[in-house]
Amino acid sequence: MMTEEMLNSLDNQIDLYVKGIFSQKVFDVAKKMDVNLSKLCFNMIIDDHYRARFESVLSMILGIYGNCLATCYFEGLGYKTNNEVPIFDEDGNEITKSDVSFTDKNGVLNLCEVKTISQILANLDNYKKTVIKNYYDREDYIFANSDNNKIKFELVSKKLIKQVKCLKQNKNAIVNVIIFKNCYLDDDTINELKSLKVRIITLSIDINELINSLSETLSKICNYGVELKLFYENIYQESIINHNKLSA
(Lines give C-alpha, C1' and ligand atoms only; values in the text may rest on other atoms or scores of the structure.)
Protein backbone atom coordinates (compact mmCIF):
# COMPACT_ATOMS: atom_id res chain seq x y z
CA MET A 1 0.00 0.00 0.00
CA MET A 2 0.94 3.64 -0.50
CA THR A 3 -0.36 7.03 0.45
CA GLU A 4 -2.05 9.11 -2.25
CA GLU A 5 0.97 11.41 -2.24
CA MET A 6 3.29 8.45 -2.87
CA LEU A 7 1.03 7.17 -5.64
CA ASN A 8 1.06 10.58 -7.34
CA SER A 9 4.83 10.75 -7.03
CA LEU A 10 5.15 7.28 -8.58
CA ASP A 11 2.83 8.33 -11.39
CA ASN A 12 4.93 11.44 -12.11
CA GLN A 13 8.22 9.56 -12.07
CA ILE A 14 6.93 6.87 -14.43
CA ASP A 15 5.56 9.60 -16.71
CA LEU A 16 9.00 11.26 -16.90
CA TYR A 17 10.72 7.92 -17.48
CA VAL A 18 8.35 6.90 -20.29
CA LYS A 19 8.64 10.34 -21.93
CA GLY A 20 12.40 9.89 -21.94
CA ILE A 21 12.07 6.62 -23.86
CA PHE A 22 9.47 7.22 -26.56
CA SER A 23 9.66 10.02 -29.11
CA GLN A 24 7.15 12.85 -29.27
CA LYS A 25 5.92 11.42 -32.58
CA VAL A 26 4.94 8.18 -30.82
CA PHE A 27 3.11 10.16 -28.14
CA ASP A 28 1.30 12.20 -30.80
CA VAL A 29 0.07 9.08 -32.60
CA ALA A 30 -0.92 7.46 -29.29
CA LYS A 31 -2.94 10.53 -28.37
CA LYS A 32 -4.85 10.34 -31.66
CA MET A 33 -5.60 6.71 -30.76
CA ASP A 34 -6.92 7.90 -27.37
CA VAL A 35 -4.09 6.15 -25.54
CA ASN A 36 -2.09 7.78 -22.76
CA LEU A 37 1.23 5.90 -22.97
CA SER A 38 2.46 6.94 -19.53
CA LYS A 39 -0.84 6.08 -17.85
CA LEU A 40 -0.94 2.76 -19.72
CA CYS A 41 2.43 1.80 -18.21
CA PHE A 42 1.54 3.20 -14.78
CA ASN A 43 -1.70 1.21 -14.57
CA MET A 44 0.18 -1.97 -15.47
CA ILE A 45 2.92 -1.38 -12.88
CA ILE A 46 0.61 -0.69 -9.93
CA ASP A 47 -1.31 -3.88 -10.66
CA ASP A 48 -0.04 -6.67 -8.38
CA HIS A 49 -0.48 -9.00 -11.34
CA TYR A 50 1.36 -6.74 -13.74
CA ARG A 51 3.11 -9.65 -15.45
CA ALA A 52 -0.25 -10.92 -16.67
CA ARG A 53 -0.94 -7.52 -18.26
CA PHE A 54 2.44 -7.29 -19.97
CA GLU A 55 1.33 -9.03 -23.18
CA SER A 56 -1.75 -6.86 -23.72
CA VAL A 57 0.19 -3.64 -23.01
CA LEU A 58 2.95 -4.74 -25.38
CA SER A 59 0.35 -5.45 -28.06
CA MET A 60 -1.10 -1.96 -27.65
CA ILE A 61 2.32 -0.31 -27.82
CA LEU A 62 3.13 -2.36 -30.93
CA GLY A 63 -0.05 -1.03 -32.54
CA ILE A 64 0.91 2.54 -31.69
CA TYR A 65 4.46 2.05 -32.97
CA GLY A 66 3.21 0.40 -36.16
CA ASN A 67 0.92 3.34 -36.90
CA CYS A 68 3.75 5.74 -36.14
CA LEU A 69 6.20 3.95 -38.46
CA ALA A 70 3.64 3.77 -41.26
CA THR A 71 2.88 7.47 -40.79
CA CYS A 72 6.58 8.35 -40.99
CA TYR A 73 6.96 6.17 -44.09
CA PHE A 74 4.25 8.00 -46.03
CA GLU A 75 5.41 11.39 -44.77
CA GLY A 76 8.87 10.47 -46.03
CA LEU A 77 7.32 10.00 -49.48
CA GLY A 78 6.04 13.56 -49.30
CA TYR A 79 2.42 12.90 -48.33
CA LYS A 80 0.50 14.77 -45.67
CA THR A 81 -0.95 12.13 -43.36
CA ASN A 82 -3.79 11.84 -40.88
CA ASN A 83 -4.39 9.27 -38.18
CA GLU A 84 -7.60 7.73 -36.87
CA VAL A 85 -9.78 9.18 -39.62
CA PRO A 86 -13.44 8.13 -39.13
CA ILE A 87 -15.16 6.07 -41.83
CA PHE A 88 -18.93 6.31 -42.27
CA ASP A 89 -21.51 4.00 -43.81
CA GLU A 90 -24.19 5.06 -46.29
CA ASP A 91 -26.41 6.25 -43.42
CA GLY A 92 -23.69 8.52 -42.02
CA ASN A 93 -22.87 6.27 -39.05
CA GLU A 94 -19.24 5.92 -38.03
CA ILE A 95 -18.26 2.30 -38.49
CA THR A 96 -14.49 2.36 -38.02
CA LYS A 97 -11.35 4.47 -38.30
CA SER A 98 -8.41 4.36 -40.67
CA ASP A 99 -5.01 3.96 -38.95
CA VAL A 100 -3.31 6.20 -41.49
CA SER A 101 -4.73 8.14 -44.42
CA PHE A 102 -3.25 10.38 -47.10
CA THR A 103 -4.06 11.77 -50.53
CA ASP A 104 -1.71 10.49 -53.23
CA LYS A 105 -0.22 12.39 -56.17
CA ASN A 106 -3.27 11.55 -58.28
CA GLY A 107 -5.55 13.19 -55.75
CA VAL A 108 -6.94 9.86 -54.56
CA LEU A 109 -7.59 9.25 -50.87
CA ASN A 110 -5.67 6.29 -49.44
CA LEU A 111 -6.91 4.52 -46.30
CA CYS A 112 -4.45 2.26 -44.49
CA GLU A 113 -4.87 -0.56 -42.00
CA VAL A 114 -1.59 -1.30 -40.17
CA LYS A 115 -0.77 -4.72 -38.70
CA THR A 116 2.18 -5.34 -36.37
CA ILE A 117 2.12 -9.12 -36.02
CA SER A 118 4.33 -11.94 -37.24
CA GLN A 119 1.64 -14.05 -38.94
CA ILE A 120 -1.80 -13.45 -40.43
CA LEU A 121 -3.62 -16.69 -41.22
CA ALA A 122 -6.99 -17.24 -42.83
CA ASN A 123 -7.00 -20.89 -41.81
CA LEU A 124 -5.20 -22.83 -39.09
CA ASP A 125 -4.28 -25.48 -41.67
CA ASN A 126 -1.96 -22.89 -43.20
CA TYR A 127 0.07 -22.64 -40.01
CA LYS A 128 3.58 -23.95 -40.57
CA LYS A 129 6.50 -24.81 -38.33
CA THR A 130 10.24 -24.74 -38.83
CA VAL A 131 13.35 -25.32 -36.77
CA ILE A 132 14.49 -22.04 -35.26
CA LYS A 133 18.05 -22.01 -33.98
CA ASN A 134 19.28 -18.88 -32.24
CA TYR A 135 16.98 -16.57 -34.13
CA TYR A 136 14.56 -16.49 -37.04
CA ASP A 137 16.75 -17.70 -39.87
CA ARG A 138 14.32 -17.43 -42.80
CA GLU A 139 12.94 -14.26 -44.30
CA ASP A 140 9.83 -15.78 -45.89
CA TYR A 141 8.23 -17.33 -42.80
CA ILE A 142 8.05 -16.39 -39.15
CA PHE A 143 6.59 -18.91 -36.77
CA ALA A 144 5.22 -19.14 -33.27
CA ASN A 145 5.06 -22.34 -31.26
CA SER A 146 1.68 -22.63 -29.55
CA ASP A 147 -1.91 -23.37 -30.47
CA ASN A 148 -2.99 -20.18 -28.74
CA ASN A 149 -0.80 -18.15 -31.08
CA LYS A 150 -2.18 -20.01 -34.09
CA ILE A 151 -5.70 -19.08 -33.02
CA LYS A 152 -4.61 -15.49 -32.43
CA PHE A 153 -3.16 -15.25 -35.93
CA GLU A 154 -6.36 -16.64 -37.44
CA LEU A 155 -8.46 -14.12 -35.52
CA VAL A 156 -6.23 -11.31 -36.79
CA SER A 157 -6.95 -12.38 -40.36
CA LYS A 158 -10.71 -12.39 -39.77
CA LYS A 159 -10.60 -8.97 -38.10
CA LEU A 160 -8.36 -7.66 -40.89
CA ILE A 161 -10.81 -8.70 -43.62
CA LYS A 162 -13.71 -7.25 -41.66
CA GLN A 163 -11.83 -3.96 -41.17
CA VAL A 164 -10.88 -3.77 -44.84
CA LYS A 165 -14.52 -4.23 -45.85
CA CYS A 166 -15.43 -1.33 -43.55
CA LEU A 167 -12.74 0.88 -45.12
CA LYS A 168 -14.04 -0.08 -48.57
CA GLN A 169 -17.31 1.64 -47.65
CA ASN A 170 -15.56 4.75 -48.96
CA LYS A 171 -16.01 4.02 -52.67
CA ASN A 172 -13.60 6.77 -53.72
CA ALA A 173 -10.62 5.57 -51.69
CA ILE A 174 -7.79 3.12 -52.23
CA VAL A 175 -7.40 0.73 -49.30
CA ASN A 176 -3.91 -0.44 -48.26
CA VAL A 177 -2.85 -3.04 -45.72
CA ILE A 178 0.51 -2.18 -44.16
CA ILE A 179 2.65 -4.99 -42.76
CA PHE A 180 6.33 -5.35 -41.91
CA LYS A 181 9.24 -7.41 -43.18
CA ASN A 182 8.99 -11.09 -42.20
CA CYS A 183 5.28 -10.90 -41.49
CA TYR A 184 3.87 -14.11 -42.96
CA LEU A 185 0.51 -13.83 -44.74
CA ASP A 186 -0.91 -17.12 -45.95
CA ASP A 187 -2.19 -17.45 -49.51
CA ASP A 188 -5.85 -17.49 -48.46
CA THR A 189 -5.49 -14.11 -46.73
CA ILE A 190 -3.57 -12.64 -49.66
CA ASN A 191 -6.16 -13.89 -52.16
CA GLU A 192 -9.01 -12.51 -50.06
CA LEU A 193 -7.33 -9.10 -49.94
CA LYS A 194 -6.67 -9.17 -53.68
CA SER A 195 -10.31 -10.01 -54.36
CA LEU A 196 -11.21 -6.87 -52.41
CA LYS A 197 -8.71 -4.91 -54.55
CA VAL A 198 -6.57 -4.07 -51.55
CA ARG A 199 -2.87 -3.25 -51.88
CA ILE A 200 -0.43 -4.92 -49.51
CA ILE A 201 2.53 -2.69 -48.63
CA THR A 202 5.45 -4.21 -46.72
CA LEU A 203 7.71 -1.86 -44.77
CA SER A 204 11.39 -2.81 -44.50
CA ILE A 205 11.45 -2.91 -40.69
CA ASP A 206 11.68 -6.48 -39.39
CA ILE A 207 8.56 -7.30 -37.39
CA ASN A 208 10.34 -9.65 -34.98
CA GLU A 209 13.14 -7.22 -34.29
CA LEU A 210 10.48 -4.60 -33.59
CA ILE A 211 8.59 -6.94 -31.24
CA ASN A 212 11.77 -7.90 -29.40
CA SER A 213 12.95 -4.30 -29.12
CA LEU A 214 9.65 -3.04 -27.72
CA SER A 215 9.42 -6.03 -25.40
CA GLU A 216 12.83 -5.14 -23.96
CA THR A 217 11.82 -1.50 -23.66
CA LEU A 218 8.61 -2.36 -21.84
CA SER A 219 10.54 -4.70 -19.53
CA LYS A 220 12.86 -1.82 -18.60
CA ILE A 221 9.87 0.39 -17.85
CA CYS A 222 8.37 -2.40 -15.73
CA ASN A 223 11.58 -3.00 -13.80
CA TYR A 224 12.00 0.72 -13.14
CA GLY A 225 8.40 1.18 -12.06
CA VAL A 226 8.19 -1.93 -9.91
CA GLU A 227 11.39 -1.01 -8.05
CA LEU A 228 9.97 2.45 -7.37
CA LYS A 229 6.68 0.94 -6.27
CA LEU A 230 8.46 -1.40 -3.82
CA PHE A 231 10.51 1.54 -2.54
CA TYR A 232 7.37 3.56 -1.73
CA GLU A 233 5.59 0.53 -0.28
CA ASN A 234 8.53 -0.15 2.04
CA ILE A 235 8.54 3.47 3.21
CA TYR A 236 4.80 3.22 3.85
CA GLN A 237 5.19 -0.01 5.84
CA GLU A 238 8.02 1.46 7.91
CA SER A 239 5.90 4.51 8.69
CA ILE A 240 3.07 2.25 9.90
CA ILE A 241 5.48 0.25 12.09
CA ASN A 242 6.99 3.41 13.58
CA HIS A 243 3.53 4.86 14.20
CA ASN A 244 2.46 1.69 16.00
CA LYS A 245 5.60 1.76 18.17
CA LEU A 246 4.95 5.37 19.18
CA SER A 247 1.34 4.54 19.96
CA ALA A 248 2.22 1.55 22.13
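This presentation describes the helix packing and the central strands of a predicted model.

Good morning, colleagues. Allow me to begin with the overall composition. The protein chain holds 7 helices and 7 strands. Read from the N terminus, the elements follow the order α-α-α-α-β-β-β-β-α-β-β-α-β-α. Of the 248 residues in the protein chain, 43% are buried. As for contacts between residues at least 6 apart in sequence, 68% join residues that lie at least 24 apart.

I turn now to the helices at the start of the chain. Two packed helices are described by the angle between their axes and the distance between the axes. I shall take three pairs in turn.

The pair I take to begin with is helix α3, residues 37-45, with helix α4, residues 50-76. Their axes come within 9 Å and cross at roughly 165 degrees. Angles over 145 degrees count as roughly antiparallel, and α3 and α4 are therefore roughly antiparallel to each other. The crossing of this pair is left-handed. On the α3 side, the contact is made by Leu37, Leu40, Asn43, Met44 and Ile45. On the α4 side, the residues are Tyr50, Arg53, Phe54, Val57, Met60, Ile61 and Ile64. Sorted by class, the contact of α3 with α4 comprises 10 nonpolar, 1 polar and 1 charged residues.

The next pair is helix α1, residues 4-19, with α3. Here the axes are 9 Å apart, and the packing angle is about 130 degrees. That value makes α1 oblique to α3. The crossing of α1 and α3 is right-handed. From α1, the contact draws on Leu7, Leu10, Asp11, Ile14, Asp15, Val18 and Lys19. From α3, it draws on Leu37, Ser38, Lys39, Cys41, Phe42 and Ile45. The classes in the contact of α1 with α3 are 8 nonpolar, 1 polar and 4 charged residues.

The remaining pair is α2 with α4. The axes of α2 and α4 come within 9 Å and cross at roughly 110 degrees. By that angle α2 is roughly perpendicular to α4. The crossing of α2 and α4 is right-handed. In α2, the residues Lys25, Val26, Val29 and Ala30 meet a set in α4 made up of Ile64, Tyr65, Asn67, Cys68, Thr71, Cys72 and Glu75. The contact of α2 with α4 counts 7 nonpolar, 2 polar and 2 charged residues.

One loop residue deserves a remark in this context. Where is Val35 found? Val35 lies in the loop between α2, residues 24-32, and α3. Is Val35 buried or exposed? Its relative accessible area is 16%, and buried means under 20%, so Val35 is buried. Setting aside residues up to four places away in sequence, Val35 touches Ala30, Leu40, Met60 and Ile64. Val35 and Met60 are 25 residues apart along the chain, and their C-alpha atoms are separated by 8.9 Å.

Let me move to the strands. An open sheet is formed by 5 strands in the order β1-β2-β3-β5-β7, with mixed pairing. The edges are β1, residues 81-88, and β7, residues 199-206; each has a single partner strand, so one side of each is left without a neighbour in the sheet. From one strand to the next, the twist averages 40 degrees.

Within this sheet, β1 and β2 pair in the antiparallel sense over 7 bridges. In that pairing, Asn82 has Ser101 of β2 as its bridge partner. Strand β2, residues 94-103, also runs antiparallel to β3, and 4 bridges join the two. Ser101 appears again here, with Leu111 of β3 as its bridge partner. The hairpin of β2 and β3 has 5 residues between the strands, and in it Gly107 takes a positive phi near 80 degrees.

On its other pairing, β3 meets strand β5, residues 174-181, in the parallel sense, over 5 bridges. Leu111 stands opposite Val175 in β5. Leu111 is thus a partner of Ser101 and is also set opposite Val175.

Why is β3 described as largely enclosed by the rest of the structure? Strand β3 spans residues 109-114, and 5 of its 6 residues are buried, so the rest of the structure largely encloses it.

That concludes the presentation. Thank you for your attention.

Definitions and conventions. Residues are numbered from 1 along each chain as its sequence is written. This is a predicted model: local features need pLDDT of at least 70, side-chain atom pairs count only at pLDDT 80 or more; totals for chains, interfaces and linings use all residues. Side-chain values use heavy atoms; hydrogens and water are left out. Buried means under 20% relative accessible area, exposed over 50%, partly exposed in between (1.4 Å probe, protein chains only). Two strands pair if DSSP finds at least two bridges between them. Axes are lines fitted to C-alpha atoms, for helices over the stretch in contact, and angles run from 0 to 180 degrees between N-to-C directions. Angles under 35 degrees count as roughly parallel, over 145 as roughly antiparallel, 65 to 115 as roughly perpendicular and the rest as oblique. A crossing is left-handed if the near helix is turned anticlockwise from the far one by less than a right angle, and right-handed if clockwise. Contact means heavy atoms within 4.5 Å. Ala, Val, Leu, Ile, Met, Phe, Trp, Tyr, Cys and Pro count as nonpolar, Asp, Glu, Lys and Arg as charged, and the others, Gly among them, as polar.
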